[in-house]
Amino acid sequence: KPLLEEKIPSLMGLSDFESAILRYQLALNKYFANSVSRDRFLVIEGEAKAEMDQTFNFVLNALEKPEELSVIQESYATILEFAPRLDKELSRQHVDADEVRSILLDLNVKIITIRTALDRVQKKLSNSSMDSAEEIMHDIAVASQFVHIYTVASLLIAIFLIYQFRAHLLSEQRLAFQAWHDPLTELPHRLAFEYRLKMLGDVPHVIILGVADRLEQIVAGFGHHLADQLILEITARIQEVAKLHDGEVFRLDGANLAVLYKFSNTDVAFDAALDAVRQINAEPIQLDGQEIHITLSLGASEYPAHGEDPIQLLKNADAALTAARELGGDTYVFYSHVLNERSAEKLALEAALGHALELNELELHYQPQLDIADSSLIGFEALVRWRRHGQLISPADFIPLAESSGLIIPIGSWIFDEA
């Protein structure tokens, strides 16, 4: 009776509590990897926390007070603090990537600690269960008239325990896969990519970041469902050609994909691999009766020339990708130090443009408009100019910045008022 009414339910309760903790960890990893929105994360995290609280209360109430209880209570209380910390950090305007990774690493350490303590408790319960089973078998020998009933009961218990162990193992494997992979494409995500780069050590390698051009227009025109199907098709094509050149494919966030090649960019093999990736847009994609022509913007950086750690290497590859997109897309840019200098200049110019109105640095130049028939004056065209430190900034430099940053709206209002 104690085996059926106490020990087996206790083992199930411990298993449920451990599974709830893993789902909680998965929710935080998905939020960091940008696989779910903040609103969806808060829902998932709340459900996981409620499940952890329920199963944790069972662990406290159903079990005898094991020596591991203090470790479990302390670690569980600490684990509950990680979701607010991660949400606070990711909600900042400028996310500190190192702090986020530190939070996730600390979470992983605490979860390992609590799971180790749970394993010890489960082992004690299992040993106690085996002792109880031996007592049952002894009683069966004494009361031979019930031998068949007890034999069937023991068999059912054994089958149940085997089933529980197998279900727990499969659940743990599934949660571990989800924690390191993107849910849409099932590719390894950004955390897995950074870990893979660290494991390469001093092996020369090149990373190529790629994104489909005009994806926003496709989403606006056909919806998110078709955009997801498009990402899956692009992923399949890139995986196919990358595999031919020993490349590994990852999904970082949104529509951004990364391909890792373990050779230098001066290697002939890299030229062939790059050409293969660029050729995936040769054939249009057919989705739901729609023919979609895609192009890719590609940016690359190389270890160790462009960074000796994954963060710097990714930053420089992203700078190259941004340059490719600014060139109009459908092109490839290999990183150079000039890109970071240009990026810094652009950010400084954008910051200065934000203060141009309050500092009265904008001015209007009027260009006459003539009637082509008789050359008579019919009006003037107002052209905005930016004079900074006595020098005129080219409209080709600041107008695109105004449009991309949203400053074009207050500048437009100022033009109407001034003209």
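Let's start with one residue, Phe193. Leaving out residues up to four places away in sequence, Phe193 touches Ile207, Phe250, Leu252, Ala258, Leu260 and Leu314. Keep in mind that this is a predicted model.

Now, where does Phe193 sit? It belongs to the largest nonpolar core, which has 48 residues. Phe193 is among the residues with the most contacts inside that core. The others on that list are Ile207, Ile208, Leu230, Ile234, Ile238 and Tyr261. Which helix gives this core its largest share? Helix 9, residues 224–244, with 7 residues. There is also a second, separate core. That one has 35 residues, including Met52, Ile72, Phe82 and Leu125.

Next, the sheet. It is open, and it has 5 strands. Their order is 2-3-1-6-7, and the pairing is mixed. A quick reminder: strands of a sheet pair through backbone hydrogen bonds, either parallel or antiparallel. Which strands form the edges? Strand 2, at 248–253, and strand 7, at 332–334. Each of them pairs on one side only. From one strand to the next, the twist averages 20 degrees.

Look at one pair in detail. Strand 1 covers residues 205–212, and strand 6 covers residues 296–303. They pair in the antiparallel sense, over 8 bridges. Take Leu209 as an example: its bridge partner in strand 6 is Gly299.

Last, back to helix 9. What does helix 9 lie across? Four names here: strand 1, strand 2, strand 3 and strand 6. Strand 3 spans 256–261, and helix 9 runs at about 5 degrees to it.

How values were computed
Residues are numbered from 1 along each chain as its sequence is written. This is a predicted model: local features need pLDDT of at least 70, side-chain atom pairs count only at pLDDT 80 or more; totals for chains, interfaces and linings use all residues. Side-chain values use heavy atoms; hydrogens and water are left out. A nonpolar core is a set of buried Ala, Val, Leu, Ile, Met, Phe, Trp, Tyr and Cys residues joined through side-chain atoms within 4.5 Å. Buried means under 20% relative accessible area, exposed over 50%, partly exposed in between (1.4 Å probe, protein chains only). Helices (H or I, at least four residues) and strands (E, at least two) are DSSP runs, numbered from the N terminus. Contact means heavy atoms within 4.5 Å. Two strands pair if DSSP finds at least two bridges between them. Axes are lines fitted to C-alpha atoms, for helices over the stretch in contact, and angles run from 0 to 180 degrees between N-to-C directions.
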